[in-house]
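Q: Could you walk me through this one? I have the sequence and the coordinates open, and I'd like to go through them with you bit by bit.

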Amino acid sequence: MLLSRFWYIFLAVAAAAASGAALLAQGVINRQATEHVADDLHRDRIELDAILRLEARARLDRIAFITVDAKLGGLLKQAGAVGDPKQLTKLNSEAKDALRAHVARLLEAAQGSAKDDDIKPDIAFAVDQTGRIVAQLGSLESNPPGSSLATYPFIERALHGYVRDDVIVYDRRVYRIAARPVLYGGEYVGAIAHGYKFDNAFVERVSRGLGGATVAFFYGRNVLASSTPAGAPALAELAAALPEALTDARFRRGERTEPKALSSGGRAVYSLLVGGAALSEVGYALARPLQLVASPTAFFQGASREDVQALPVPLLSGGAVLLAFLGLLFIYFERDRPYKQLRNKLAQVAAGERERLIVTEWRGAYRKLADAVNQAIDKSVEKAAEMAPSNKKKANLDEILGPTPVSNVEPYFGFADAAQTKAAAPRLEPAPKPAPRPLTATAPLPAPAPPMKPAAPVTPQAPAPSKPLAMSPLKAPAPAAAGGNGAAASDEADHFREVYADYLTLRKECGESTEGLSYEKFESTLTKTRDQVLSKHPAKGVRFSVYVKEGKAALKAAPVKR
Amino acid sequence: MTAHRQVSYDFRTVPRSKPRPNRSEPSTVVVVGLLCLAGWAAVAHAVAGEVRGQLVLGALRVATPAKPPRAAFNWELENGVKEVVPARIFAPRELAVVLLGAPDNPNAKAASRVEVVFSGGALLPATLVLRSDTTLRIRNDDEIGHELFADGLDGFSPEATSPGATRSVHLVKPGHWPLRDRLAAHANAHLHVLGNLVASAKIEPNGSFGFSDVAPGKYTLKVFRGPGEIASKEIEVADKPLALDPLVLSDAKGAP
């Protein structure tokens, strides 16, 4: 059963290797997926910065014409020379009207190309040359004029002639600012600034180009606006990780954080905005989903139809069929066929076609089984013989064969009974004259109940090359003792050699030593024993066979009837 | 969406501008002229008990606002119509000129209460030099609230000051503290508390300054800008008004 056992071990190792490969694949896939998402987020940040930069430029370009607006310029020039609050208030209403007209022109110019909410500013300032607010639109437009924005960088630089964008915190609100100087009469007379809030519509617009990423803008721990595409991490997850991100060293240096794990398994990065509001922790968060393989079985469930169709099905099927066929073949040769043969031989024994099994025809466990069957047959016969009255005298090998003579002190290869007293070298003694009785075919006899059949003539069978332990079959007797003709002598010599080979093989199988054995001695013993048998029985020859008795190799001699 | 409009500009009314000289390195003629003018002004206007002087600001670099972690802007371009105007130092906000005397100087009579304002989005002045045991009153003249605080200074924690409201902080411990505003993060301010402060000067935008009612004696005149001292000079005040020589300032000492 060597091949079968090897096959089982091979299957077990293959199954373990497949499981290991599945687990390894799961780990590799998850690692690659995580790296892929991190790369996506890195790219998203770069793209979002570019989008915000372009959007800032668009805001600046939109108010380009305000720089030389005559009406507003004149009002700002007048305001610069006014210190009286009443006069300033009067100019304030005129300047406010000019601002509204300016916004209306913006909306008119952008008609159809964008929504009004995207164009109309949430807050607008008109300041004089000192940075003093002359008019404003928005949440604080009802305030009296006179407050200053002089120190705000976007106003300070606009008053010096620069066009500049910024992100600022004003009155606890965050605005995207576009600021331009106002010229009148060839001189800088003030500046205009437009401010836009961060709202969901704006975030949705800028995140459209990112494809599948959640985008959220925050001011400290407060989320200003967000956009969450289908399947992307929820806003609540980003908000939950925000406090930790605000203390991140990379974040505080102005870099993006490392991808942070979210509760749903997604990943998010946090970054400050470009602009002065970064000093007040105004920034944005980007998040993407991360689908990990939870187990090797989930790995297979995630396979698409295309993945399955790409498999080399003929190769896999053919390989599986071949391997299965090999396994079945091994099992057939090592289990099924010997079992079938054993069953047939036992059927023959049961039918009386044979008396016993030839042990040497089998290997491994089947040989032991055959030997056990033979022993059971022997015991049954003995028992039957004891119980049943019989005139037959039980065959006594000692009487038949006599003690086996030994010519020297070298290792003894005699017959079973004598082999049990290995120390004493059996000697050839004249056997007591047995009582005349009909010759039995072989001893011991099989089949206890029915009368024994004479030894059936057995067709001589040449032992198969694959069965070195085959029992020596009964062949046509050869009058070897009479020193018969050459053919008979040759036949007997062949038989002796065969028996010797079988005997050696059986001894090895039984774990007995074969040192010291030689064919010459073996032949001598067989010859003497043959002579003894023939001297006592009117047989035309003697046939020897080897068998296992009590775990040891034994020889049997059986006279062949005339 | 960019609004496009045909812009017409009358070049006849605006002379072609010439390249301006670099303001951070004024010419020698200009400096000498200013010195003479300042000296004459000091002599003409000083009165008894007064100390007057002139700060020469040309060599000072313009202070930059608080730098955010990332870039301060996406775009800062010239307007393309008229040349940009170089930035200038606003002395009343950025500088503080003080007189320091001996700790036990009986003439030391710095005000026990000093009032500053939030104006233009930041503290005015942004460089505060006060005597120990002084109450600082901060009035908010802006239209938005402020939350000023000094890290590490007891009694100066973040506290909202609404538009028009005033906040008081009593200062005892000498030292230097940066002042920050949670609602106007761009604004930089610095507080110096000195035990031997005698008087603080009022500074005009042109750099002139003056002390009034200064008792005779020896003093040290110091100029502070932001976190550090940028000029120092020993003076002696007599019974008559004192007009100091123009003081040329540079960024050599602790300039922001």
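Q: What share of chain B is buried?
A: Of the 256 residues in chain B, 36% are buried; please keep in mind throughout that this is a predicted model.

Q: And what is chain B built from, in helices and strands?
A: Chain B has two helices and 19 strands, and among its contacts with a separation of 6 or more, 68% are between residues 24 or more positions apart.

Q: Over to chain A, then: what are the corresponding numbers there?
A: Chain A has 16 helices and twelve strands, and 36% of its 562 residues count as buried. If one takes the contacts in chain A between residues at least 6 apart in sequence, 58% of them join residues at least 24 apart.

Q: How many residues does each chain bring to the contact?
A: Chain A contributes 55 residues and chain B contributes 39 residues.

Q: Which elements of chain A supply that side?
A: At least two residues each come from α1 (2-62), α3 (85-109), α5 (153-159), β3 (162-170) and β4 (173-184) of chain A. By class, the side of chain A that touches chain B divides into 27 nonpolar, 14 polar and 14 charged residues.

Q: Which strand of chain B pairs with β3(A) there?
A: The partner is β2 of chain B (residues 76-78), which pairs with β3(A) in the antiparallel sense over three bridges. Within that pairing, Arg164(A) stands opposite Glu76(B), while Val163(A) stands opposite Leu77(B).

Q: What is the strand order of the sheet that includes these two?
A: The order is β2(A)-β1(A)-β5(A)-β4(A)-β3(A)-β2(B), an open sheet of six strands with antiparallel pairing. β2 (133-137) of chain A and β2 of chain B stand at the edges, and each has a single partner strand, so one side of each has no neighbour in the sheet. On average, and with direction ignored, neighbouring strands of this sheet are turned by 20 degrees against each other.

Q: Which strands does α1(A) touch, and at what angle does it run to β4(A)?
A: α1(A) packs on the sheet and touches β3, β4 and β5 (187-197) of chain A, with its direction at about 35 degrees to that of β4(A). α2(A) packs on the sheet as well, where it touches β1 (123-128), β2, β4 and β5 of chain A, and its direction makes about 90 degrees with that of β4(A).

Q: Back to β5(A) for a moment: how many of its residues are buried?
A: Nine of the eleven residues of β5(A) are buried, so the strand is mostly covered. β5(A) pairs with β1(A) in the antiparallel sense over six bridges, and with β4(A), again antiparallel, over ten bridges.

Q: Which residues are bridge partners in those two pairings?
A: Ala124(A) has His194(A) in β5(A) as its bridge partner, and Tyr184(A) has Glu187(A), likewise in β5(A).

Q: What about the turn between β4(A) and β5(A)?
A: These two strands form a hairpin with two residues between them, and Gly185(A) in the turn has a positive phi of about 65 degrees.

Q: Now the helices: how do α2(A) and α3(A) cross?
A: The axes of α2(A), which covers residues 70-80, and α3(A) come within 10 Å and cross at roughly 160 degrees. That angle is over 145, which means that α2(A) is roughly antiparallel to α3(A). The crossing of α2(A) and α3(A) is left-handed.

Q: Which residues meet there?
A: From α2(A) there are Lys71(A), Leu72(A), Leu75(A), Gln78(A) and Ala79(A), and these meet Leu88(A), Leu91(A), Glu94(A), Ala95(A), Ala98(A) and His102(A) in α3(A). Sorted by class, the contact of α2(A) with α3(A) has seven nonpolar, two polar and two charged residues.

Q: One last residue, Lys549(A): where is it, and is it buried or exposed?
A: Lys549(A) lies in β11 of chain A, which spans residues 539-549. Lys549(A) counts as buried because 21 other C-beta atoms lie within 10 Å, and the cut-off is 20 or more.

Q: How far is Lys549(A) from Cys510(A)?
A: Their C-alpha atoms are separated by 9.9 Å, and the two residues are 39 residues apart along the chain.

Methods
Residues numbered from 1 in each chain as written. Chains lettered and ligands numbered in written order. Predicted model: local features only at pLDDT ≥ 70, side-chain atom pairs only at ≥ 80, totals over all residues. Contact = placed C-beta atoms within 7 Å. Helix = DSSP H or I, 4+ residues; strand = E, 2+ residues; numbered from the N terminus. Nonpolar A, V, L, I, M, F, W, Y, C, P; charged D, E, K, R; others polar. Pairing = 2+ DSSP bridges. Axes fitted to C-alpha atoms, helices over the stretch in contact; angles between N-to-C directions. Parallel < 35°, antiparallel > 145°, perpendicular 65-115°, else oblique. Left-handed = near helix turned anticlockwise from the far one by under 90°. Buried ≥ 20, exposed ≤ 12 C-beta atoms within 10 Å, placed from the backbone.
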